[in-house]
Amino acid sequence: MTRRSDGRPGRRPGRPAAAGAAALLLLSACAGPGPRDAADAEARDDPPGPAPSVPAADVPPPLDPRPAWAAPFSAPPKAAGDGFVGPVMPEESGGDLVFLGVGPDGTTRWSLDRNPSCTAFAATRDADGGDLVVVLDSDADPDGGGFAARTTAAAYRPGAGTLVWGPVEVPGTLVGPGLVFGASAGSVMGAADGPKAALDPSTGAVAADESEGGTVLHEYQGTLLTERDGRLHAVDTATGRRLWSGAGLAPPSHAPAAVPAPGPRPETDASGAVLLEWRQDGETVGTTVHDLRTGRRLAELGTDEEPRLLGTQEGGAVVAGAAPDGGGVLIAVADDPRRLWSRDREPGERPEAIVGGVLYVSTGNPTAEDADGSGAEGEDGIRAVRMRDGASLGEGNWSVPAAAASDGTALLPVASDGPGDAFAALPST
């Protein structure tokens with residue numbers, strides 16, 4: 001059992017990191033002021049919070065079990081630039097939600113006030129490779145039935161909180177992957193209930209709008225995948241240049257007449273890889289993994305189970321699915337793009353997150369601690385796998401880090417003493 005710093009039992013951090021609290025935070029009943037005008041974030045220079053107590057048994061490799069500082073976030077943050085960006089819940093009902101930019105040393109650099117609900121954020125990069133964080137705002141009000149009449153997005157540099165573009169009006173919350181927006185009643189990142197639109201990360205200009213026809217599928221750092229009249233097209237959002245089309249892709253060798261269609265969407269809100277299904281005579285006869293920017297095929301999967309794809313802002317991705325010749329397979333790809341490694345997937349294995357160059361996989365089996373009744377009931381073990389070569393770093397009853405900075409500092413969910421979640425910063429060994 002996880003215990004609070006005062007020794008009393010506390011709420012055990014989730015694995016993967018506290019998505020439930022994020023959904024509660026971002027989809028609660030709408031209230032608060034309207035969208036803000038264009039302005040830089042408020043500069044701050046707050047020192048890091050004192051390091052909390054973290055049980056060494058909760059810390060996965062390659063992290064140092066000695067925490068360096070406490071993160072100020074109360075819902076899962078994202079890595080952006082050389083540090084982190086994340087939300088802090090309002091202390092009182094009707095108060096503002098605050099987004100903070102925090103450096104790798106724990107110093108809070110800037111803050112943004114936002115409507116406390118009907119808002120979300122995403123990390124991305126512009127055409128020059130510059131890091132951005134895109135934050136939403138709305139005019140949602142409970143007197144209007146809890147729905148926003150106007151939602152806007154604005155992009156900031158994560159280091160200083162400098163406004164780059166916006167606010168620009170969008171049709172709803174982030175539904176992803178990437179800068180894809182739409183009205184959504186069910187989830188922060190999921191299927192939209194109305195027409196979606198995608199923005200160019202460099203300028204905030206609308207790159208595609210479903211109200212003008214077609215389907216917006218996937219955006220990643222300036223590459224946009226759409227479907228129109230049953231045909232797939234990938235374009236550069238800054239120039240509109242076509243990068244590749246489904247008609248130019250080679251079908252699986254066993255189904256030369258098959259045509260490509262959208263496959264299952266990534267489980268993460270950012271992915272430089274995409275899954276495509278190949279269909280023939282109304283049936284799915286194959287699944288392939290492609291680099292979103294070039295269309296290059298990276299792997300082929302069987303059809304015995306629906307694959308699961310996890311991506312990252314850095315470009316690396318992992319897919320779990322059925323091997324073409326049977327059994328399960330786990331495949332990692334790099335941002336070059338190229339295939340890094342693949343191996344047989346053990347029964348019950350499920351990739352959960354890629355953080356700081358490490359893949360965290362739930363094993364489907366309780367750890368020894370769980371088996372003897374001393375661990376959290378029903379929790380699977382977690383295996384840490386190095387992304388660059390597939391080497392196992394160990395297995396245990398660990399929490400999964402929420403995000404990691406470029407210097408390796410990771411934010412690990414820990415027991416919270418108050419509302420929302422809590423995170424401890426741990427350096428990489």
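**Exercise 1. Determine which residues of β32 lie on each side of the strand, and whether they are buried or exposed.**

Solution. Both faces of β32 are covered, since A410, L412 and V414 on one side are buried, and L411 and P413 on the other are buried too. Here buried means under 20% relative accessible area, exposed means over 50%, and partly exposed lies in between, with a 1.4 Å probe and protein chains only. In a regular strand the side chains alternate between the two faces of the sheet. Strand β32 spans residues 410-414, and five of its five residues are buried; strands (E, at least two residues) are DSSP runs, numbered from the N terminus.

The model is predicted, so that local features need pLDDT of at least 70 and side-chain atom pairs count only at pLDDT 80 or more, while totals for chains, interfaces and linings use all residues. Residues are numbered from 1 along each chain as its sequence is written, and side-chain values use heavy atoms, with hydrogens and water left out.

**Exercise 2. Find which strands pair with β32, and how many bridges join them.**

Solution. Begin with strand β31 (residues 403-404), which pairs with β32 in the antiparallel sense over two bridges; two strands pair if DSSP finds at least two bridges between them. Within this pairing, A404 has A410 of β32 as its bridge partner. The hairpin of β31 and β32 has five residues between the strands, and G408 takes a positive phi near 100° there. Next, β32 and strand β33 (residues 422-426) run antiparallel and are joined by five bridges, with L426 of β33 as the bridge partner of A410.

**Exercise 3. Describe the aromatic pair that W69 and F84 form.**

Solution. A search of the whole structure finds two aromatic pairs. W69 and F84 form an edge-to-face pair, at 6.4 Å centre to centre and with 65° between the planes. Rings of Phe, Tyr and Trp (its six-membered ring) pair if their centres lie within 6.5 Å, and planes under 30 degrees apart count as stacked, over 60 as edge-to-face and the rest as tilted. Because W69 lies in strand β2 (residues 69-71) and F84 in strand β4 (residues 83-88), the pair ties together parts that are 15 residues apart in sequence. W69 counts as buried at 5% relative accessibility, and F84 counts as buried at 1%.

**Exercise 4. Locate R114 and identify what its side chain contacts.**

Solution. R114 has its place in strand β6 (residues 108-114) and is buried, with a relative accessible area of 4%. The side chain of R114 makes a polar contact of 2.8 Å with the side chain of Y156; such a contact is a pair of N or O atoms within 3.5 Å, where within protein one must be able to donate a hydrogen and the other to accept it, and residues adjacent in sequence count only if both atoms are side-chain atoms.

Note on methods
Helix = DSSP H or I, 4+ residues; strand = E, 2+ residues; numbered from the N terminus.
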